[in-house]
Amino acid sequence: MKNRADSMLADLKRAGLKLTPQRIAIVREIADDLTHPTAQALFERLRTTFPTMSFATVYNTLDALAGCGLMGKLALGPDSRAVRFDPNTEVHHHAVCDGCGSVVDIPVETDEPAVLPLAATLKGFRVLREERTYRGLCDRCSRS
Ligand code: ZN
Ligand code: MN
């Protein structure tokens, strides 16, 4: 069975992006990372193996994956540098810790958005998906 990195690389190639050694390394680094890292965090991790890699290469590769629907992009704050990337492309919600900034996936039982409350307030608005963000404190932060 192919792993997530391999299928993401195949999708990236199908989307017309050339698979350079740096792009392959970026995809392998994030494919199984469910911590929702920022481009900066990935850049710092990859820099030890690829000293010539630029931040722009990391960001643009992740952004290209997101543009093809192969990567989720989470803007959890006003700062664009804080955009988090998410290899989980299934519909799901997130729990964000205000203490340490950790972001955890919350699976949903159904892809169907809850349209009823919206239909009453936004006439004619067609809901395509629903993304919820729960804010609070993770287990570790609420203990300290
Ligand atoms: Zn926390
Ligand atoms: Mn997620």
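## The zinc site

A donor here is an N, O or S atom within 2.8 Å of the metal. With that in hand, let's look at this predicted model. The zinc ion (ligand 1) is held by four cysteine sulfurs: the SG atoms of C97, C100, C138 and C141, at 2.3 Å.

What shape do the four donor atoms make around the zinc ion? The angles they subtend run from 103 to 114 degrees, and four donors count as tetrahedral if all angles lie between 85 and 135 degrees, so the arrangement is tetrahedral.

## Where the cysteines sit in the chain

Read along the sequence, the donor residues follow the spacing C-x2-C-x37-C-x2-C. Take C97 and C141 as a pair that links distant parts of the chain: C97 belongs to strand β3 (residues 92-97), while C141 belongs to helix α6 (residues 139-143), and 44 residues separate them.

Are C97 and C141 buried or exposed? Both of them are buried.

## Salt bridges between distant parts

Now for some charged side chains. Side chains of opposite charge can pair when their charged atoms come close. Searching the whole structure turns up eight salt bridges.

One of them joins the side chains of R4 and D32, with 3.6 Å from N to O. This pair also ties together distant parts of the chain: R4 is in helix α1 (residues 4-14), D32 is in the loop between α2 (21-30) and α3 (39-47), and they are 28 residues apart. How accessible are these two? R4 has a relative accessible area of 32%, so it is partly exposed, and D32 has 55%, so it counts as exposed.

## A bridge inside one helix

R14 and D11 make another salt bridge, and their closest N and O atoms are 2.8 Å apart. Where do R14 and D11 lie? Both are in helix α1, three residues apart, which is about one turn of the helix.

R14 is exposed, at 65% relative accessibility. D11 comes in at 26%, so it is partly exposed.

## A small network

Over to E29 and R45, whose salt bridge has its closest N and O atoms 2.9 Å apart. Again the partners come from distant parts of the chain, with E29 in helix α2, R45 in helix α3 and their positions 16 residues apart. Both residues are partly exposed: E29 has a relative accessible area of 27%, and R45 is at 36% relative accessibility.

Which residues are joined into one network by salt bridges that share partners? They are E29, D33 and R45.

How values were computed. Residues numbered from 1 in each chain as written. Chains lettered and ligands numbered in written order. Predicted model: local features only at pLDDT ≥ 70, side-chain atom pairs only at ≥ 80, totals over all residues. Heavy atoms only, no water. Donors = N, O, S within 2.8 Å, 3.2 Å for Na, K, Ca; no water. Tetrahedral: all angles 85-135°; square planar, octahedral: opposite > 155°, others 65-115°. Helix = DSSP H or I, 4+ residues; strand = E, 2+ residues; numbered from the N terminus. Buried < 20%, exposed > 50% of the residue type's maximum accessible area, 1.4 Å probe, protein only. Salt bridge = Lys/Arg side-chain N within 4 Å of Asp/Glu carboxyl O.
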